[in-house]
Each structure stands twice: as C-alpha cells, then as structure tokens.
Amino acid sequence: MMAIFEYAPAPESRDLVDIKASYGLFIDGEFVDGAGAPFKTVNPATEETLAEVATASADDVDRAVRAARKAFGGWSALPGAERAKYLFRIARIIQERARELAVLESLDNGKPIRESRDVDVPLVAAHFFYYAGWADKLEYAGFGTKPLGVAGQVIPWNFPLLMLAWKIAPALACGNTVVLKPAETTPLSALWFADICRQAELPPGVVNIVTGAGETGAAVVGHPEVDKVAFTGSTEVGRIIARAVAGTGKKLTLELGGKAANIVFEDAAIDQAVEGIVNGIFFNQGHVCCAGSRLLVQESVQEELLASLKRRLATLRVGDPLDKNTDVGAINSAEQLAKIRELSAVGESEGAERWSPACELPERGFWFPPTIFTGVAQSHTIARDEIFGPVLSVLTFRTPAEAVEKANNTPYGLSAGIWTEKGSRILWMADKLRAGVVWANTFNKFDPASPFGGYKESGYGREGGLHGLEAYLDV
Ligand code: NDP
C-alpha cells in the first residue's frame, strides 16, 4: 500500500489466547456436546481453522431454554442490587481480560486489533457497567420492574462480543435469563463470555450459549417457552423472524440493515469530514449496519472533498488484523466477500466510476480494498442496497432540502451524519432525517447511555440507554 513512510510491523501477540481444538454448547452453566454436526470457525485473514464448534439441534435448544426457564425464578427474584453485583463483576472481568478478548475477536472476525482493543471490548465492558447501574433502579426508569422471562437472542458476526453485550446486559439487569446464538462465522467470543460467566459465578442457566447456523437461530426464535426475541442481522432474516413471532405474544426487537447518508455541506471543516467519512464506511471493513455508506456531498465542494478523501485513502493500511498499525482488516467470510464483489461489479455495470487506492492485498484470506464509487445516481443498486463492505457510494446535492430528500430516499432508516458548522442547520436536518441516530460532525460514535435503533426496514425497538430497558420489561 502506498504510504508516506513505512511502518515497522507491530503485531499483537497471538499467544494471548489459548484456543482449544473444539468447543461445546454452554447450557445450565456447563459446556456440553451438541447433537448436530460440528462446524469449523476460521480466521478470515488466513483461512486457518481456529476451532471446531458444536451445532445445537432443536433438542439442544430446548434444553437451553428449559435451563433458562428454571433459572428465571431465582434470578428474577434477586434484589436488583444483587443482580447488579454479578453484572459489575462481569464488566470488571471483561476489563481484566480485555487484551485476550481483543485478540480473540480479531482472530475470529478479521477486524483490526486497534478496533477490537479500543472500540469493541471497552464498549462491551461499558455496556455491562451501564446496565449494572440500572439493575437496582428499574423503578425510576418508568417501564415497571417486571421481567419478561426467557429472552432468545440471535446476533450477527460484525460485532460479535459487542452485540452480545447489547443483548445480554439489559436482559440480565431487568431479571430475564437468556439463550443466545452467536453467528456461525464468529462463535468464539460468545464461548469466552460463557467462561466469564462461570468466572463471575453467575448462577447456572442465567446465560446459555447455543452455537450453530441459521436453523439453530430459528429454533431459538420459534421455541414456545421463549418470551422475548431480540435479533440483529439482515433485513431478510428479520422478516422471517417477524413472521415466526407474529401472533405468539412474544415481545420482539429487530435491529436490521441500513444505508446511511453521510451529508457534507460546503461550510464543513473538510479535513474533519474526511476523517468522519473514513470512519463512517471503512471502520470494521464497512461491516456496520449504521455505516455511512452513501456520501452526499454538496456539489460546490465535491472536487475538493474527493481529492482529499482519495489522498487519505491512499494512507490506509490494509492487512494483518493483529498488526497495531492496520486500519482495514479482513472481510469476515468468503460469502461476504463474494457479495461485496458482486455488488461492486453491479455498480460498475450500472455506470458508476470505481476507484481504489493502489493496494497490495495478502494472498490468503478474504480481502477487499477500500473502494469509492463516484457518479452514483439514486436509482443505482449501490445507492440502494446494503453492501456491508468497505465500499462508498458518492452522490451530490445542491440544497439542504435536496440533501434531506436524497438521504431519506431509502427503505432503511438507521443512521445519518451531518457535517456543517451551522448548529441551526444540524437541528433542522436532524428533525427531517428519518433515521434512528443522527450524528453531527462525527460518525459511528457509540455510548451505552444512548439509544440505538431504526425506522422502516432497519427494524424496531431501541437498544442501549434508558430506552433499552423497555424491551426487557413487561411494560
Ligand atoms: P443473517 O441475518 O443471516 O445472520 C444474523 C444471525 O441470524 C446469524 O446468527 C444467523 O446465523 C442467524 N440466522 C440466519 N437465519 C436465521 C433464521 N431463519 N432464523 C433465526 N436466525 C437466523 O446475516 P448474514 O450473516 O447471512 O449476512 C447477510 C447480509 O446481511 C450481509 O451481507 C449484510 O448485508 C447483512 N447483515 C446486516 C447486519 C446488520 O447489523 N445490519 C449484520 C449482519 C449481516 P448464521 O450466522 O449461522 O447464518
């Protein structure tokens, strides 16, 4: 990759994690075998097999749900302050084991260690600390204090441990017990979390982890003893789950896809906006539901901004996720890489102009260079579909009203970004953008105290903050 000067390699030690050859399911406080055929989880940066992981059959899921049901009585009857002690303990253990968890997450997911170490793992701990704080104060939150029962939770591969924290921390704080299914390509950090639950002496059955593919997820969602379903993933699977849950009385929250507009006005601080654009779409290889995948730039500054952005992209380091200098890591799976390639090819065939910096990609593993498409029209597939990769579609606008119209012209509505020096314009825009989160002069900033969730096909319900409690209480 072209660089102003070369960096010496700065690899984090892989030896910080001791990965066993195989892993079972975590049910009722024990690691047990699964009835399904085990599957392999690989390091997407090298294609090396990391471990073999058990597949939970419908019977295994049933065992997990029964364990959670049995544990619910005792867990929900604990005073909030007692539940808080466990959550605080889990949060502290996560901090103590932060380096190990960061290395593990980078190995299994492909994300740069800089991100797993500085973003994912600290936010995971922060979520447990935050909801530990609510556990004994539920009566002040305004949603009552009655938990729902057993929560069935299905999460994706882009932020494996962070999505687990978003799901488990509020559920436990409110007195629910959980059965969680991590994604097939990234099961390891959830299994490490199971070990952390044991270390924290969490009562058996309060947290159960069932690994497997989509069928395991469907078994969790469809189990009649599950009272609440929480899902993060694709809109397509979200629809299947909404249909499965309809009419059952189960409470449901869905965090689905996005196609966020990152809107840069001519009065924005351009260098700052460039950093925000890079963070918006190249953070976590663009495997981010709220990624700023559509750049809307005011026509008058388009040329200047794009020149600056291209200069910046030429300095991004793509490669070994465990190297502390790496900015862009590996694509999570061969399937995801194929999807990114396919949509990028569609972008070209529909007439948009494709650009990537000169970039040497490793030979093994799943890689895609940071990519920009200019000359994108609203009708183009790459302006409408979620690519979920390091690919930015650039569109232009002339007036704030046009920016709003284009930003809202999407079936999704998860997030948006506004870059301008005018506070009044930020407020005017934020009011009109149909997006759950609107960032101003920043992007992809997360905080456990701040609610997160979407409009339209981005799903419903809120996670995080005070609002996140509502999903786990019988309001
Ligand atoms: P999915 O929505 O299929 O996966 C999310 C989770 O749901 C995984 O744990 C998955 O298991 C599980 N699952 C799959 N099918 C079912 C089912 N019928 N019932 C219950 N659970 C199920 O996402 P993919 O990994 O297939 O990614 C496909 C696309 O979705 C990506 O290319 C991306 O565009 C988008 N995506 C969006 C995310 C977001 O946060 N907005 C997150 C992830 C993906 P398993 O892993 O075994 O398939």
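The exercises below cover the ligand site and the enclosed cavities of this predicted model.

**Exercise 1. Describe where the ligand sits and which residues come nearest to it.**

Solution.
Step 1. Start with the site: the ligand occupies the largest pocket.
Step 2. Collect the residues around the ligand; there are 27.
Step 3. Pick out those that come nearest, namely Ile155, Trp157, Ser234, Gln336 and Lys339.
Step 4. Sort the shell by class, which gives 14 nonpolar, nine polar and four charged residues.

**Exercise 2. Find which helices and strands each supply at least two residues of the shell around the ligand.**

Solution.
Step 1. Among helices, α7 (214-222), α8 (235-245) and α11 (334-349) meet this condition.
Step 2. Among strands, β9 (228-232) meets it.
Step 3. Look for the largest share: α7 gives three residues of the shell.

**Exercise 3. Examine polar atom pairs between protein and ligand, using a limit of 3.5 Å, then state how much of the ligand is buried.**

Solution.
Step 1. Take Ile155, where a backbone N or O atom is 2.9 Å from a ligand oxygen atom. Ile155 also belongs to the residues that come nearest to the ligand.
Step 2. Take Lys181: an N or O atom of its side chain lies 3.1 Å from an oxygen atom of the ligand.
Step 3. Take Ala218, whose polar backbone atom is 3.5 Å from a nitrogen atom of the ligand.
Step 4. Turn to the surface: the ligand taken alone exposes 840 Å², and the protein buries 85% of that.

**Exercise 4. Describe the largest cavity by its volume and its lining.**

Solution.
Step 1. Search the whole structure for cavities of 30 Å³ or more; four are found.
Step 2. Select the largest cavity, with a volume of about 120 Å³.
Step 3. Its lining consists of 16 residues, and Phe159, Met163, Trp166, Cys289 and Phe452 lie nearest the centre.
Step 4. Helix α5 (residues 160-173) contributes the largest share of this lining, three residues.
Step 5. By class, the lining holds twelve nonpolar, two polar and two charged residues.

**Exercise 5. Do the equivalent for the second largest cavity.**

Solution.
Step 1. The second largest cavity holds about 90 Å³ of space.
Step 2. Its lining has 16 residues; Ala407, Thr410, Ser415, Arg434 and Ala435 lie nearest its centre.
Step 3. Two elements, α13 (400-408) and β16 (415-419), each supply at least two lining residues.
Step 4. The lining of the second largest cavity divides into eight nonpolar, five polar and three charged residues.

Terms used. Residues are numbered from 1 along each chain as its sequence is written. This is a predicted model: local features need pLDDT of at least 70, side-chain atom pairs count only at pLDDT 80 or more; totals for chains, interfaces and linings use all residues. Side-chain values use heavy atoms; hydrogens and water are left out. A residue is near a molecule or strand if one of its heavy atoms lies within 4 Å of it. A polar contact is a pair of N or O atoms within 3.5 Å; within protein, one must be able to donate a hydrogen and the other to accept it, and residues adjacent in sequence count only if both atoms are side-chain atoms. Accessible areas come from the Shrake-Rupley method with a 1.4 Å probe; for residues, only the protein chains shown count as cover. On a 1 Å grid over the protein atoms alone, a cavity is a set of points where a 1.4 Å probe fits but cannot get out, and a pocket is an open set with protein on both sides within 12 Å along at least five of seven lines; lining residues have an atom within 4 Å of a point. A molecule sits in a cavity or pocket if more than half of its atoms lie within 2 Å of its grid points. Helices (H or I, at least four residues) and strands (E, at least two) are DSSP runs, numbered from the N terminus. Ala, Val, Leu, Ile, Met, Phe, Trp, Tyr, Cys and Pro count as nonpolar, Asp, Glu, Lys and Arg as charged, and the others, Gly among them, as polar. Grid points are joined across faces, edges and corners, and a volume is the space filled by probe spheres set on the points.
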